[in-house]
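Morning, everyone. I have one structure to go through, and I will keep it short. Please have a look at it first.

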Amino acid sequence: MFVDDPRTLVSTDWLAQHLNDPDLRVLDASYYLPDMGRNGRSEYDAAHIPGARFFDIDDVSDARSELPHMAPPPEKFMSRMRAMGVGDGHQVVVYDGAGLFSAARVWWLFKLMGKDDIAVLDGGFPKWLAEGREVEDMAPIVRDRHMTVRRQAHLVRDVTQVSAAAKLKNTEVIDARSPGRFRGEEPEPRAGLRPGRIPGSKNVHYKTLLNADGTLKDAAGLRAAFEAAGVDLSRPAITTCGSGVTAAILSLAMERLGKTDHSLYDGSWSEWGAFATLPVATGAD
């Protein structure tokens, strides 16, 4: 049975019931890979959930890094959120246009900044539309709200920490990319990256955690997907993917299972695959 949880995942019914709450803020975090042929901002401008603000993952990022959409410094996050009218005391619901693809990344980013009152909309905008719910094409009037941030460093890992974990084998490194990319049999969507995976990592393709309608599977389905990949959920976990977006879906799934000892490798394969000095595994185990 689905249980709405304003700190992880809420249903379209829940959002419809709370849409006019004065302290609710809805974010459209639609983001797509270059080969997906879609534009999140254009889709938001055409239609979005009433009152939603557009959250640009590439803009709310660390501009000092050459890696894509790395987590921003806390002060930049605060500044961008205040400009969007999102602050302390707000319950945030984030969704995307794919169902569940990029919204979990923003959920994780809020958690990283110490903000727990955020949930992903289960099934996202496709489910909202399929149910015939109201949409609009005008951006809301924004009123500034102060935001306090306290960065939770334990939720993110850098390349040195991931390398140590892979060598020590004391942590489950879980890759959300497709099996073909994980085995090094499919090209990476970003140029210049070696094919393959972090040695010792396990593959839980994010799509195996989703139902056909883009909603997240129930607890039994989530647990089965991790166990089928040989993941020991009793051990600490680090999630990874191509650029730290779909890795957050794995993080969200584990949080739904009550597992809290997980972190996300922000650089993911965009970083690991670019450095010849880092070891790479290919093929089947």
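Which residue just after helix 4 takes a positive phi? That is G114, with a phi of about 85°. Bear in mind throughout that this is a predicted model.

Now helix 4 itself, which runs over residues 103–112. Of its 10 residues, 10 are buried, so the helix is largely enclosed by the rest of the structure. Buried here means under 20% relative accessible area. The list includes the two tryptophans you can see, W107 and W108, along with L109 and F110. R105 and K111 are buried too.

Next, the sheet. There is an open sheet of 5 strands, in the order 6-10-9-7-8, and the pairing is parallel. Strand 6, residues 156–157, and strand 8, residues 202–203, stand at the edges; each has a single partner strand, so one side of each is left without a neighbour in the sheet. For strand 6, the pairing with strand 10 is parallel and extends over 2 bridges. Strand 10 covers residues 262–265, and its L264 stands opposite V156.

Last, the annotation. The UniProt record, an unreviewed entry, gives "domain: Rhodanese" for residues 20–137 and again for 167–281. Taking residues 20–137, the span is 29% helix and 14% strand, and its end C-alpha atoms lie 17 Å apart. For residues 167–281 the figures are 27% helix and 12% strand, with the end C-alpha atoms 13 Å apart.

That is what I have. Questions?

Key
Residues numbered from 1 in each chain as written. Predicted model: local features only at pLDDT ≥ 70, side-chain atom pairs only at ≥ 80, totals over all residues. Heavy atoms only, no water. Buried < 20%, exposed > 50% of the residue type's maximum accessible area, 1.4 Å probe, protein only. Helix = DSSP H or I, 4+ residues; strand = E, 2+ residues; numbered from the N terminus. Pairing = 2+ DSSP bridges. UniProt positions renumbered as here; feature names shortened; annotations may be inferred.
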